[in-house]
Amino acid sequence: MKRQKLTGLEHYAYQHPSDRVALNAIKKIPVLDKVVGYIMEKHCLENEIALSGSAFEVTAKSCPHIHGIFLEACDIFCQEPPRLYIEDSMDLNASMVGIKNPLICMTTRMVSNFNDAELLYVLGHELGHHACGHTLYHNLALFLAQIGSTAIPMAGVAQFTIDHTVFPLLSVWSRRAEYSCDRAGLLVCQDMDAACSAMLKLAGFPEKYYHELKPGLILEQAERFQQSLGEGRLRNLLAMKQQFYASHPRLIERAGELNLWRLEGWFDDIVYGSDEVRCNLSREMARDPVEAEMLIVALQVIVAAYVETFDEKPETVAPPIREALISGKSLRYTAAEKLLHVELHIARESVNAIRYSLILLINKDGSVIKQEILLPFPEEWSEAPDSLRAMFIRENKKLIIRELYKLK
């Protein structure tokens with residue numbers, strides 16, 4: 001399989017906006033980067049010494065086939081290859097270790113049980129951590145999850161802050177960062193079936209029956225899981241509680257989230273688009289991450305409304321709607337041409353609360369119908385995009401209307 005080299009690509013094009021939002025919040029914690037940086041540099045140095053002294057380093061001479069797969073992953077992503085190690089372990093795992101000079105480590109069991117395309121997915125995922133600037137806080141999140149904050153020599157208020165502020169924030173961010181890196185893995189392997197089969201194996205599919213593995217099964221399970229969360233508030237609360245301190249999202253959810261991103265057309269634009277397309281996507285998504293996240297939530301709501309109204313397939317209407325919202329392209333002569341107009345209404349309901357709603361005009365059976373849909377976006381004033389807060393203050397308005405699309 002000939003894979004595309006992703007020249008002109010920056011991490012903004014695929015990094016999940018909520019990853020950037022959460023990472024920015026962590027970076028704002030006073031002196032955290034200095035205190036944690038010193039501790040984690042020492043911890044990562046210990047890991048590096050341990051790996052280089054006990055794990056197997058992959059080179060062109062020592063293991064040419066795996067090294068070739070690794071170089072292909074780095075070449076597709078236009079990254080300088082870090083060092084790669086294989087660790088003797090029966091876990092199915094890979095990780096990026098280190099801060100200034102990161103290295104990647106995979107387990108023997110993973111290398112033995114994953115095919116070449118699946119290994120490309122895993123290596124692309126780890127390279128994504130490096131490209132997105134995750135290494136310091138990713139290592140800290142794993143460190144705290146494995147060892148606990150008591151391993152950090154602090155006491156009193158500092159210990160309380162780590163336990164009840166830093167650790168929960170890191171956990172939230174770490175889960176969101178995995179979504180970004182799942183996208184990076186798919187961009188490198190360029191094969192959704194390989195990404196799905198890798199996730200199924202990580203989720204526990206028995207090695208004895210790998211020959212029966214059907215990659216699409218994980219997407220079917222992801223759809224059922226999402227539907228089950230809507231069956232009651234208690235189920236939803238318990239699902240949230242289970243993830244509160246988790247460093248990774250559930251694998252089934254990750255597969256569903258990755259497939260949704262693919263269906264929206266991002267993958268095709270990045271892989272099969274020109275350098276100019278990749279540069280433009282990177283520039284568009286490099287905006288205020290809260291703005292970018294709000295636009296993606298709006299896209300998902302609009303696609304869901306259109307699919308429900310016309311019984312269309314999401315993968316058919318999502319790409320043109322995404323291009324209309326981001327690039328201003330007309331929906332005329334596309335599968336979503338009956339969408340005529342989209343407005344985002346942002347109302348300041350109180351000093352601390354904002355309400356977001358979408359107004360859609362749709363041509364149905366020759367008549368124009370209007371739909372108003374509440375946008376599921378954080379309503380706290382402090383979580384609104386900086387540009388919106390500035391506009392409310394500067395213009396002293398209670399309602400801001402943004403035209404997201406108008407049929408041309």
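**Cores, a one-sided helix and an open sheet**

Leu375 is a good place to start: leaving aside residues up to four places away in sequence, this leucine touches Met294, Val297, Ala298, Val301, Leu344, Tyr356, Ser357 and Leu358. The model is a predicted one, and Leu375 is among the residues with the most contacts inside its largest nonpolar core, alongside Met106, Leu187, Ile321, Tyr356 and Leu358. That core takes in 99 residues. Helix H14, spanning residues 289–310, supplies the largest share of them, with 15 residues. A further core of nine residues sits apart from this one, and includes Ala22, Leu140, Leu170 and Ala177.

Stepping back to the whole protein chain, the secondary structure amounts to 16 helices and eight strands. Half the chain is tucked away, with 50% of the 408 residues counting as buried. As for contacts between residues with a separation of 6 or more, 66% of these link residues 24 or more positions apart. The accessible surface adds up to about 20,200 Å², and carbon and sulfur atoms account for 53% of that area.

Turning to the sheet, four strands line up in the order E7-E6-E5-E8, with antiparallel pairing, and the sheet stays open. Strand E7 (367–374) and strand E8 (399–406) make up the edges, each pairing on one side only. On average, and ignoring direction, neighbouring strands here are turned by 20 degrees against each other. Strands of a sheet pair through backbone hydrogen bonds, and can do so in parallel or antiparallel fashion. In the case of strand E5 (residues 339–350) and E8, the run is antiparallel and seven bridges hold the two together. Glu343 faces a residue of its own kind across the strands, standing opposite Glu403 in E8. H14 comes back into the picture here, lying across E5, strand E6 (353–364), E7 and E8. Relative to E6, H14 runs at about 35 degrees.

Helix H13 (residues 275–285) deserves a look too. Its buried residues are Arg278, Leu281, Ser282 and Met285. Viewed down the axis of H13, these fall within an arc of 100 degrees, so the buried residues line one face of the helix. On the face turned away from that buried side, H13 carries the exposed residues Glu276 and Arg283. The cover over the buried residues of H13 includes helix H1 (17–27), helix H12 (266–272), helix H15 (314–327) and, once again, H14.

Note on methods: Residues numbered from 1 in each chain as written. Predicted model: local features only at pLDDT ≥ 70, side-chain atom pairs only at ≥ 80, totals over all residues. Heavy atoms only, no water. Buried < 20%, exposed > 50% of the residue type's maximum accessible area, 1.4 Å probe, protein only. Contact = heavy atoms within 4.5 Å. Areas by Shrake-Rupley, 256 points an atom, 1.4 Å probe, with all protein chains shown as cover. Core = buried A, V, L, I, M, F, W, Y, C linked by side-chain atoms within 4.5 Å. Arc of directions from axis to C-beta. Pairing = 2+ DSSP bridges. Axes fitted to C-alpha atoms, helices over the stretch in contact; angles between N-to-C directions.
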